[in-house]
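The following exercises invite the reader to examine a protein structure step by step. Each task is followed by a worked solution.

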Amino acid sequence: MDTPLRLEVIVASVRPERFAPVVADWFLRTVRAHPEFDTGVIDLAHTPLPVELTENDETVAYRARLRQADAFVVVTSEYNHGYPASLKTAFDTAKHEWRAKPIAFVSYGGLSGGLRAVEQLRQVVAEIHMVSVRETVSFHQAKKSFDETGETRDGAAIDAAERMLRQLGWWARTLRSARAADPYPG
């Protein structure tokens, strides 16, 4: 097997009473069953990035971590038909570190399951030269989708996660090889 793919899972919500840890922990258990990924977590609630996009020690370390990644998964909620401001700051804090790397989405929310936020995010990641993986995991009525232990019986989401990880792995391997052979001209 090739060198494991470095995957960074970005947890977007920073609200004090957020549901994000339940969804993120479920996804992390899922992805860690796949040995092709070496998985880390960037929880934006614990990664203070300045909204005015100034540089400090935290942003330097954050960009270095992004630079080392082969792929990303964003776990995001949907607030008022959009994604959290913390996530936009996270994208805008870096530039070249995102380029020619794949990204996938795990979303959650009410009736839409966060899918409106994901559609907006696809536009943002295209602008920063990322490859958005087609498959998405989404939890509609998220708080009803998980039991008290943080497990879900949502078969569609479980199946989507497996398909998404296969697609993400393919793109991550392909783009890592391409970047090594011919640096991205962005």
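**Exercise 1.** How many residues does helix α1 have, and what distance does helix α1 reach from its first C-alpha to its last?

*Solution.* The model under study is a predicted one. Helix α1 covers residues 20–31, which amounts to 12 residues. From the first C-alpha to the last, helix α1 reaches 16 Å. This is close to the 16 Å expected at 1.5 Å a residue.

**Exercise 2.** Determine which residues of α1 are buried, and what covers them.

*Solution.* Begin with the cut-off: a residue counts as buried when its relative accessible area is under 20%. By this criterion the buried residues of α1 are Ala20, Val23, Ala24, Trp26, Phe27, Leu28, Thr30 and Val31. Next, consider their cover, which includes the strands β1 (5–11), β2 (37–43), β3 (71–77), β4 (102–108) and β5 (131–139). Helix α6 (155–181) is also included in that cover. Finally, consider direction: α1 lies across β1, β2, β3, β4 and β5, and runs at about 165 degrees to β1.

**Exercise 3.** Establish the order of the strands in the sheet and identify its edges.

*Solution.* The five strands form an open sheet in the order β2-β1-β3-β4-β5, and their pairing is parallel. Its edge strands are β2 and β5, each of which pairs on one side only. From one strand to the next, the twist averages 20 degrees. As a general principle, the strands of a sheet pair through backbone hydrogen bonds.

**Exercise 4.** Describe the pairing of β4 with β5, and locate the helix α4 relative to the sheet.

*Solution.* β4 and β5 pair in the parallel sense over six bridges. To take one residue, Ser107 has Ser138, in β5, as its bridge partner. Helix α4 (residues 115–127) lies across β3, β4 and β5. Its direction is at about 165 degrees to that of β5.

**Exercise 5.** Why can the protein chain be called as compact as a globular protein of its length?

*Solution.* First, list the elements: the protein chain has six helices and five strands. Along the sequence they follow the pattern β-α-β-α-β-α-β-α-β-α-α. The radius of gyration is 16 Å, close to the 16 Å that the globule rule gives for 186 residues, so the protein chain is as compact as a globular protein of that length. The C-alpha trace spans about 45 × 40 × 25 Å along its principal axes. Of the 186 residues, 52% count as buried. Among contacts between residues at least 6 apart in sequence, 81% join residues at least 24 apart.

Technical notes: Residues are numbered from 1 along each chain as its sequence is written. This is a predicted model: local features need pLDDT of at least 70, side-chain atom pairs count only at pLDDT 80 or more; totals for chains, interfaces and linings use all residues. Side-chain values use heavy atoms; hydrogens and water are left out. Helices (H or I, at least four residues) and strands (E, at least two) are DSSP runs, numbered from the N terminus. The expected span of a helix is 1.5 Å times one less than its number of residues. Buried means under 20% relative accessible area, exposed over 50%, partly exposed in between (1.4 Å probe, protein chains only). Contact means heavy atoms within 4.5 Å. Two strands pair if DSSP finds at least two bridges between them. Axes are lines fitted to C-alpha atoms, for helices over the stretch in contact, and angles run from 0 to 180 degrees between N-to-C directions. The radius of gyration is taken over C-alpha atoms; the globule rule is 2.2 Å times the number of residues to the power 0.38.
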